Amino acid sequence: MENFDIAVIGSGPGGYVAAIRSAQLGYKTVIIEKYDTLGGTCTNVGCIPTKALLDSSHHYAEASHQFRDHGIKLETLAVDFPQMYKRKSEVVSKNTSGLDYLMSKNKITRLKGTASFINNSLIKVTDGDQIIEINAGNYIIATGSKPSSIPGVEIDKKRIITSTEALSLKERPKSMVIIGGGVIGVEMASIFSRIGTQVTILEYADHLIAGMDHELGKSLQKTMKKEGVDIRLGQTVYKTETSGSSAKVFFKDKNNEDHELEAEYVLVAVGRSPYTSGLGLENTGIQMDDRGFIKVDEKRKTSVSHIYAIGDVVGGAMLAHKAEEEGVLVAETINGQKRHIHYDRIPSVVYTWPEVASVGFSEEYLKKNNISYHVGKFPFSASARARASMDTEGFAKVLVDPKYGEILGVHIIGARAADLIAQAVIAQEYEVTAEDMFRISYAHPTYSEALKEAYLIASGQGAINI
Ligand code: FAD
Ligand code: NAD
């Protein structure tokens, strides 16, 4: 039996951040991970490898379609698929090694194995034949999520795959049907369509990335269509079949008419479910909701007072940075500090090109809740910086309270939106007004000026710059 102040189960962005902050606060900390490498979904099969492939495929698309206009001639251009994937794996390795370093630097004990609760106070960690028992003053569950499926669709990991298998393919797929036009669906579609795979997206809703302000999805749809992605909205997939080297998808349109498509791969991207299997929660007093998420209070405490849960396994936005914030929150709460998270000020980003980024309320939400707002919208086609780089697609849209100028929501689709959204998060967090935001200086020429113009327009002034 080994004793610790804090035991963290799972080493994704929730777990590793919770462990580091706990150790920084002076707690004797152990982190337990069932896989060989640290980093969880995000580092190994999520955020990091997808962004590596999105960047590689974006460079290829730029070289294919824009270099000529920039005056750059290339005689031969080809995708070296194994090299693209090799670089992706190297990026992942650098990040997992970075985590190894952070664990040893902070003197965090690292255990490989599956953690399972014996009761509310004890866990066992099993790795093959080896079993270690651990007793900790506080536990932090950060076991993340796994891909979901839908009735009639069995993920065989060969022809009917998830994002995880898509990240370890050996050669470029000729064709792919993606079920789900949410975040994973559009990011995966971008990677593969840019390098020549014939991609079809089948989405149930009437918009891509339907959880975000609908204008973003509409604009993204136009761009992806131009890139050659076949996007079919309002479609309900109900069955898949595999036959040797291909798979078939069966779906109904809004008129209930049947359709089918065949492709080399079918990628299922219909959401993710909490991962608690093997955790022995039945041996504890921890409660779960009807969808299997661990129930927690605002401090991420479960129904057992010294057991906390964070990240994807508790639901809410399934985002790495949300899990990270919760990791810090819990470590500091155990330490007696008064921390809180503004969940409505956590940004969402989709790493297509143009990028999509959002914080705060969407127009649909404001309308539904009868909240008055002014819109300020500025197109990147009117931005000097965007013209210089030929990245003129998209817009910056701000939604502002008409009376006090409070910033209710910021929605951007355009080059570098992922980084631009940070200033909107600061503005919302510190409750500055749209006027405060347009009265500060923005470097010229930058993409950020589109936001300044949007704040000006929302405040009743015209645009003043290009
Ligand atoms: P995870 O990262 O899922 O980590 C949980 C860890 O716990 C895993 O390593 C698992 O092996 C381990 N574990 C589970 N059970 C046990 C057990 N009993 N014992 C020991 N270990 C256990 N989010 C973003 O913010 N930005 C992005 O760009 C982004 N891109 C994504 C792309 C893809 C393809 C996917 C699938 C997800 C992406 N996400 C992104 C979401 C992000 O990956 C998750 O929100 C994040 O990883 C959640 O972190 P977590 O710590 O809760 O869990
Ligand atoms: P999602 O919830 O974003 O999208 C799933 C989509 O599948 C929905 O639009 C839904 O309408 C559709 N769908 C469901 N059933 C269907 C059916 N029968 N037929 C057709 N369409 C159907 O989920 P996801 O894309 O799988 O992503 C999972 C999680 O991972 C998300 O919560 C996301 O936050 C996270 N993630 C984040 C990033 C990022 O931050 N850039 C990237 C990837 C994943």
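Which residues have the most contacts inside the largest nonpolar core? The model shown here is predicted, and the tour begins at this core.

**First selection: the largest core.** Select Ile178, Phe192, Ile201, Leu208, Ile209 and Met224, which have the most contacts inside this core of 36 residues. Next, colour the elements that each supply at least two of the core residues. These are helix 3 (47-65), helix 5 (81-105), helix 7 (183-194) and helix 8 (214-226), together with strand 9 (175-179), strand 10 (198-202) and strand 15 (265-268). Helix 7 gives the largest share, five residues.

**Second selection: methionine 224.** Centre the view on methionine 224 and display what surrounds this residue. Beyond its neighbours within four places in sequence, methionine 224 is in contact with Val186, Ala189, Ser190, Ile201, Leu208, Val229 and Ile231.

**Third selection: the open sheet.** Now select strands 8, 15, 9, 10 and 11. These five strands form an open sheet in the order 8-15-9-10-11, and their pairing is parallel. At the edges are strand 8 (160-161) and strand 11 (230-232), each of which pairs on one side only. Within the sheet, strand 9 and strand 15 run parallel and are joined by four bridges. To see one partnership, pick isoleucine 178: its bridge partner in strand 15 is leucine 267. Isoleucine 178 is also one of the core residues with the most contacts.

Then restore helix 7 to the view. Helix 7 lies across strand 9, strand 10 and strand 15, and it runs at about 165° to strand 10.

**Fourth selection: the disulfide.** The structure holds one disulfide. Select cysteine 42 and cysteine 47, which it joins with an S to S distance of 2.2 Å. The link is left-handed, with -130° about the S-S bond. Is each partner buried or partly exposed? Cysteine 42 counts as buried because its relative accessibility is 11%, under the cut-off of 20%. Cysteine 47 has a relative accessible area of 25% and is therefore partly exposed.

**Fifth selection: the annotated span and another core.** Select residues 4-327, which an unreviewed UniProt entry lists as "domain: FAD/NAD(P)-binding". The end C-alpha atoms of this span lie 17 Å apart. Helix makes up 32% of residues 4-327, and strand 27%.

Finally, return to the largest core, of 36 residues. Apart from it lies another core, of 32 residues. To find this other core, select Ala396, Val398, Val410 and Phe438, which are among its residues.

Methods
Residues numbered from 1 in each chain as written. Chains lettered and ligands numbered in written order. Predicted model: local features only at pLDDT ≥ 70, side-chain atom pairs only at ≥ 80, totals over all residues. Heavy atoms only, no water. UniProt positions renumbered as here; feature names shortened; annotations may be inferred. Core = buried A, V, L, I, M, F, W, Y, C linked by side-chain atoms within 4.5 Å. Buried < 20%, exposed > 50% of the residue type's maximum accessible area, 1.4 Å probe, protein only. Contact = heavy atoms within 4.5 Å. Disulfide = S-S within 2.5 Å. Pairing = 2+ DSSP bridges. Axes fitted to C-alpha atoms, helices over the stretch in contact; angles between N-to-C directions.
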